Amino acid sequence: MRLRARLRAPAGHGAPHASPATAAAGLRAVLAGPADQEVIVRNLAQVTPFGALIGHLYDAMFERHPYLRQLFPASMEFQMAHLERALRYLIENLGRPDEATAFFTRLGRDHRKLGVLPVHYEVFEEALLEALQRQAGGRLGGDVTGAWLRMARFAAAAMVRGADDALREPSYWSGTVTYHRRRRPDLAVLRVRPSEPYPCRPGQYARLQSPLLPHTWRPYTPAGVPGTDGELEFHVRRTGPGGVSDALVTGTDVGDTLLLGPAQGTTTLDDPLAQDVLIVAGGTGWATARALLEDLAARRTPGRSAHLFLGVRTADELYDAPALARLEKRCPWLRVVRVTEGGAAPSEHGTVDAAITRHGDFTGHVAYVSGPPAMITAVVRRLAALGLPAGRIRHDPAPDGRTAGLTL
Ligand SMILES: NC(=O)C1=CN([C@@H]2O[C@H](COP(=O)(O)OP(=O)(O)OC[C@H]3O[C@@H](n4cnc5c(N)ncnc54)[C@H](O)[C@@H]3O)[C@@H](O)[C@H]2O)C=CC1
């Protein structure tokens with residue numbers, strides 16, 4: 001309990017028993033914030049590239065605590081990339097503690113499914129300090145290590161709070177596959193029935209684990225609003241051999257059990273809906289668009305319109321065309337523009353971001369964007385250039401984990 005209390009306290013404050021790492025860093029009792037951000041950014045060259053730093057971090061962690069290796073997937077590649085993104089996000093947002101706290105609180109809730117305990121954050125701190133010094137050749141001053149440590153504590157405090165606040169719900173849900181069809185050679189539609197109610201707002205994503213790949217979780221957005229039976233539909237494109245998408249497309253069948261992490265993401269409709277809606281989706285990013293449109297159809301505010309721009313590479317990649325046609329029929333306020341790279345009637349040709357500019361003024365809309373990271377980046381830039389304020393452009397870190405706009 002003492003450790004949990006220390007982690008939940010503001011970083012650097014009130015540690016009843018300083019860890020060895022803390023003592024070594026000679027910490028002053030101050031909050032992580034803009035001053036620490038400045039120190040970290042100014043000295044970043046000494047401890048980066050991030051890939052090398054994170055390599056040292058996991059080496060140090062597994063050297064000291066070999067048993068922890070079994071909590072991680074066989075391939076550490078995704079894990080390392082994920083940690084790099086989290087570190088970049090943390091450094092960039094240290095001056096915006098409310099946003100950063102919300103982000104790491106959500107991450108802490110999600111990490112329960114990995115079996116992360118408060119003591120692991122202390123292990124992480126030690127490994128981080130060792131990695132910083134290894135990468136800097138042992139020349140890092142106490143001011144820099146202190147800033148990193150306060151930053152790590154700030155994130156850990158939010159994660160422990162997120163995990164504690166979520167104790168009423170399962171760490172993860174199990175679900176039975178009730179439907180599995182290959183709509184294209186590389187693309188499957190699955191339906192999964194969770195064993196107990198699965199809270200999820202339309203547009204949020206769930207991380208799935210297949211029994212074929214233990215400890216490996218990948219995000220997919222339930223397409224549409226779950227039916228009364230609670231069944232969730234997932235659209236999965238296999239991007240290569242050996243990953244979760246491959247397992248879900250080629251190695252999964254009706255009757256199999258999958259695990260689902262808690263639903264996450266902020267690509268959800270505002271409540272109440274105050275603006276017209278622009279939805280831009282690419283490929284299987286359509287799953288998010290369909291969820292938002294079904295939500296809109298269910299609680300539509302009279303007088304509001306919605307535009308959907310749906311991009312695919314070729315017309316035969318519109319793998320869920322009947323569902324889209326049903327929505328068009330049901331929703332007279334919905335305008336749909338299909339965009340194919342190669343072009344085939346009745347679609348427009350080119351990229352979705354270019355198509356948007358040909359269809360009027362969307363500056364009064366709220367926009368939702370889902371699809372490949374490069375598409376999200378292109379669309380977000382285009383909408384910003386057209387005058388849509390950043391606060392009205394919603395997209396999650398792309399569900400494969402990459403974010404669209406980090407600058408560090
Ligand atoms: N399966 C799911 O539940 C969800 C998946 N996603 C993400 O959606 C993506 C879908 O991938 P695929 O189906 O393979 O899509 P894809 O590679 O077939 O591309 C779909 C569309 O994106 C456009 N696009 C690609 N790069 C672009 C760029 N640089 N500029 C402008 N437009 C660009 C293409 O022209 C096409 O219209 C994945 O990254 C996936 O993580 C997003 C939300 C939900």
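Let's start where two helices touch: Phe50, Gly51 and Ile54 in α5 meet Met80, Leu83, Glu84 and Leu87 in α6. Sorted by character, the residues of this contact come out as 5 nonpolar, 1 polar and 1 charged. Keep in mind as you look around that this is a predicted model.

How do we describe the way helices sit against each other? Two packed helices are described by the angle between their axes and the distance between the axes. Helix α5 covers residues 50-64 and helix α6 covers residues 77-93; their angle is about 115 degrees, and their axes are 10 Å apart. Angles of 65 to 115 degrees count as roughly perpendicular, so that is the label for α5 and α6. Their crossing is right-handed.

Now hop over to another pair, α3 and α9. Helix α3 takes in residues 34-42, and here the packing angle is about 125 degrees, with the axes 9 Å apart. This angle makes α3 and α9 oblique to each other. The crossing of α3 past α9 is left-handed. Who is touching whom? On the α3 side you'll find Asp36, Val39 and Ile40, and on the α9 side Asp143, Val144, Ala147, Trp148, Arg150 and Met151. That contact splits into 6 nonpolar residues, no polar ones and 3 charged ones.

Let's zoom in on one member of that group, Ala147, which lies in helix α9, residues 142-165. Is Ala147 buried or exposed? A residue counts as buried if 20 or more other C-beta atoms lie within 10 Å of its own; Ala147 has 27, so it is buried. If you skip its neighbours within four places in sequence, Ala147 is in contact with Asp36, Val39 and Ile40. Another residue to find is Gly33: it is 114 residues away from Ala147 in sequence, yet their C-alpha atoms are 8.9 Å apart in space.

Finally, let's leave the helices and look at a strand. In a regular strand the side chains alternate between the two faces of the sheet. Strand β6, residues 257-260, has Leu258 and Leu260 on its covered face, while Thr257 and Leu259 are on the uncovered one. Which strands pair with β6? One is β1, residues 173-184, which pairs with β6 in the antiparallel sense over 4 bridges. Within that pairing, Ser174 has Leu259 of β6 as its bridge partner. Another is β3, residues 206-209, which also runs antiparallel to β6 and is joined to it by 2 bridges. There, Leu208 is matched with Leu260 of β6, a residue you've already met on the covered face.

How values were computed
Residues numbered from 1 in each chain as written. Predicted model: local features only at pLDDT ≥ 70, side-chain atom pairs only at ≥ 80, totals over all residues. Buried ≥ 20, exposed ≤ 12 C-beta atoms within 10 Å, placed from the backbone. Contact = placed C-beta atoms within 7 Å. Pairing = 2+ DSSP bridges. Axes fitted to C-alpha atoms, helices over the stretch in contact; angles between N-to-C directions. Parallel < 35°, antiparallel > 145°, perpendicular 65-115°, else oblique. Left-handed = near helix turned anticlockwise from the far one by under 90°. Nonpolar A, V, L, I, M, F, W, Y, C, P; charged D, E, K, R; others polar.
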